[in-house]
Amino acid sequence: MNLFVLLTTVATVSPVQAQPLCADAAAFLRTDRQMSVVVEADTLDDWRTRRKLTGCRITAAGGTVRGVQPEAVAFYERVRAAGWVRTPEPYDAPNEASLRFRMGKADCLFNVYGDAMLMTDAEDRADAAKSLGAGETRYHVYVMCVPAMPAAPR
């Protein structure tokens, strides 16, 4: 097998093609939540298939006057109100403020957190792009999206 055939069979979806998976989540964060958003292609572990899938991630920064924990509750209420639905088999971590939702062809894990903790260039860029208003506290949302699929067989 030549290298071209090997590369095209392993990477059936390029990172550029995968970023549309994040389009709905990025638009929601920008418009509904008024957050600064950085979208990047990524390869993610999929909980359903136990394989690596081509997907994307979003790092977003915003400001809140209510505090991070109440903002996280309000955030997920807005996610649902915007038409996102829980994935068929979420495999999320509610005690860590991480919940999985589906919109269109994407399953996205949303994680709400306070101070910068990823220490990535994307987090730095999102922070720099979002000024805080009077009395606001910084909060972040990290999103990982993969193609929507049925629940994993049991």
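Just after helix H4, glycine 83 takes a positive phi of about 105°. Helices here are DSSP runs of H or I with at least four residues, strands are runs of E with at least two, and both are numbered from the N terminus. The model is a predicted one, in which local features need pLDDT of at least 70, side-chain atom pairs count only at pLDDT 80 or more, and totals for chains, interfaces and linings use all residues. Residues are numbered from 1 along each chain as its sequence is written, and side-chain values use heavy atoms, with hydrogens and water left out.

Let me turn to helix H4 itself. It covers residues 68-81, and its 14 residues reach 20 Å from the first C-alpha to the last. That is close to the 20 Å expected at 1.5 Å a residue, where the expected span is 1.5 Å times one less than the number of residues.

Which residues of H4 are buried? They are Glu71, Ala72, Ala74, Phe75, Tyr76 and Val79. Buried means under 20% relative accessible area, exposed means over 50%, and partly exposed lies in between, with a 1.4 Å probe and protein chains only. An α-helix has 3.6 residues a turn, so residues three or four places apart point the same way. The buried residues of H4 pack against helix H3 (23-32) and against strands S2, S4 (98-103), S5 (106-113) and S6 (137-147); contact means heavy atoms within 4.5 Å.

Two of these H4 residues bring us to the aromatic rings. Rings of Phe, Tyr and Trp (its six-membered ring) pair if their centres lie within 6.5 Å; planes under 30 degrees apart count as stacked, over 60 as edge-to-face, and the rest as tilted. By this rule there are six aromatic pairs. In one of them, phenylalanine 28 meets phenylalanine 75 edge-to-face, at 5.8 Å centre to centre and with 70° between the planes. This pair links distant parts of the chain, with phenylalanine 28 in helix H3 and phenylalanine 75 in helix H4, 47 residues apart. Phenylalanine 75 also pairs edge-to-face with tyrosine 76, at 5.2 Å centre to centre and 80° between the planes. Both phenylalanine 75 and tyrosine 76 are buried, and phenylalanine 28 is buried too. Ring pairs join Phe28, Phe75, Tyr76, Trp84, Phe101 and Phe110 into a cluster.

The ring of phenylalanine 101 has a charged partner as well: the charged end of arginine 86 sits over it, 5.4 Å from the ring centre. The rule for this asks that NZ of Lys or CZ of Arg be within 6 Å of the ring centre and within 35 degrees of the ring normal.

Next comes the sheet. Six strands form an open sheet in the order S1-S2-S6-S5-S4-S3, with antiparallel pairing; two strands pair if DSSP finds at least two bridges between them. Strand S1 (36-45) and strand S3 (85-86) stand at the edges with a single partner strand each, so one side of each is left without a neighbour in the sheet.

How many bridges join S2 to S6? There are nine, and the two strands run antiparallel. Alanine 60 stands opposite valine 141 in S6. Eight bridges join S5 to S6, and leucine 109 has methionine 144 as its bridge partner in S6. S4 and S5 pair over six bridges, and arginine 102 stands opposite aspartate 107 in S5. As for S6, eight of its 11 residues are buried, so this strand is largely enclosed by the rest of the structure.

Two helices lie across this sheet. H4 crosses S2, S3, S4, S5 and S6, running at about 160° to S5. Helix H5 (residues 121-129) lies across S1, S2, S5 and S6, running at about 160° to S1. Axes are lines fitted to C-alpha atoms, for helices over the stretch in contact, and angles run from 0 to 180 degrees between N-to-C directions.

I shall look at two single residues. Threonine 59 belongs to strand S2 (residues 52-64) and is buried, with a relative accessible area of 1%. Beyond its neighbours within four places in sequence, threonine 59 has contacts that include Ser36, Leu118, Ala126 and Tyr142. Cysteine 108 lies in strand S5 and is buried at 0% relative accessible area. Residues up to four places away aside, cysteine 108 touches, among them, Leu21, Trp84, Phe101 and Cys145.

Finally, the whole protein. It has five helices and six strands, which follow the pattern α-α-α-β-β-α-β-β-β-α-β along the sequence. Buried residues make up 42% of its 154 residues.
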